[in-house]
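Work through the exercises below with the structure in view. Each task is followed by a solution in steps.

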Amino acid sequence: AGQTWTDISSGLQIMEIHKFNSSRSNSNLLVAGTQDNGSNKSVNGVLTRINYGDGLKCYIDYVNENRIYTSYQNGAIFRSDDGGITQTSIQPSSSYNFMTNFALNPLNSNTIYAVYNEVFKSTNRGTNWYPISSGGLLLTQGGAINIPIVAAPSDTNVIYIAKNTDLYKTSNGGASWQNISPGIMSSYNITGITVSNTNANTVFI
């Protein structure tokens, strides 16, 4: 018994998606990070794996759809400039959480933000990085901590990050940060942030 097996899983929709992103210019182009099944690109419903590990946060550049950002566990972030055929590591730090968040600037796709031991910023698509936080935020805790980050579409000097139950905000591009919600989510961790398209001070968590 158990010497031979027959695959009967064909057609089962069982892939677990962590995060996904769609192209602004092509509604048939998607990228998704998936549990244990890497990052996958879907074109007209045809799925192709373009990276490995536990696929996590991912983006399709809203100016150039051939530029795709993917990530997996332990701080690994990659940029592909050829639609996912090849990958370049753009990880800014060796101090990371299991789930590392990053975000594209909504007005300039060359600018990226990433959360490691500090908040890092790149203005050349991840080739070079510099910190925009003071280090006092204590962002790295290991494990599976999730620290979302987002820049406001109407004013990208306004950036929000969340750590556990606290929401932090900078209004000057990272020169200073303020905890704007001590205790507001005392029973639940903040796992996602959305900012109004027209008002940088209106945020949803």
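**Exercise 1.** Describe the second largest pocket of this predicted model by its volume, lining and residue classes.

Solution. Start with the volume: the second largest pocket holds about 260 Å³ of space. Next, list the lining: there are 13 residues, and those closest to the pocket centre are Gln-13, Met-15, Ile-17, Ala-32 and Leu-47. Then assign strands: β1, β2 (29-34) and β3 (38-43) each supply at least two lining residues, and β2 gives the largest share, with four. Last, sort by class: nine are nonpolar, four are polar and none is charged.

**Exercise 2.** Describe the largest pocket in the same steps.

Solution. The volume of the largest pocket is about 610 Å³. Its lining has 26 residues, with Asn-21, Tyr-59, Ala-103, Leu-104 and Val-150 closest to the centre. Among the strands that each supply at least two of them are β5, β9 and β13 (149-152), while β1 provides the largest share, four residues. The classes are 15 nonpolar, eight polar and three charged.

**Exercise 3.** Classify the aromatic pair of Tyr-59 and Phe-102, and state which parts of the chain the pair ties together.

Solution. The ring centres of Tyr-59 and Phe-102 are 5.5 Å apart and the planes meet at 70°. Planes over 60 degrees apart count as edge-to-face, and this pair is edge-to-face. Tyr-59 lies in strand β5 (residues 59-60) and Phe-102 in strand β9 (residues 102-104), so the pair links parts 43 residues apart in sequence. For burial, Tyr-59 has a relative accessible area of 15% and is buried; Phe-102, at 0%, is also buried.

Key: Residues numbered from 1 in each chain as written. Predicted model: local features only at pLDDT ≥ 70, side-chain atom pairs only at ≥ 80, totals over all residues. Heavy atoms only, no water. Phe/Tyr/Trp six-rings, centres within 6.5 Å; stacked < 30°, edge-to-face > 60°. Buried < 20%, exposed > 50% of the residue type's maximum accessible area, 1.4 Å probe, protein only. 1 Å grid on protein atoms, 1.4 Å probe; cavity = no way out; pocket = protein on both sides within 12 Å on 5 of 7 lines; lining within 4 Å. Points joined across faces, edges and corners; volume = space filled by probe spheres on them. Nonpolar A, V, L, I, M, F, W, Y, C, P; charged D, E, K, R; others polar.
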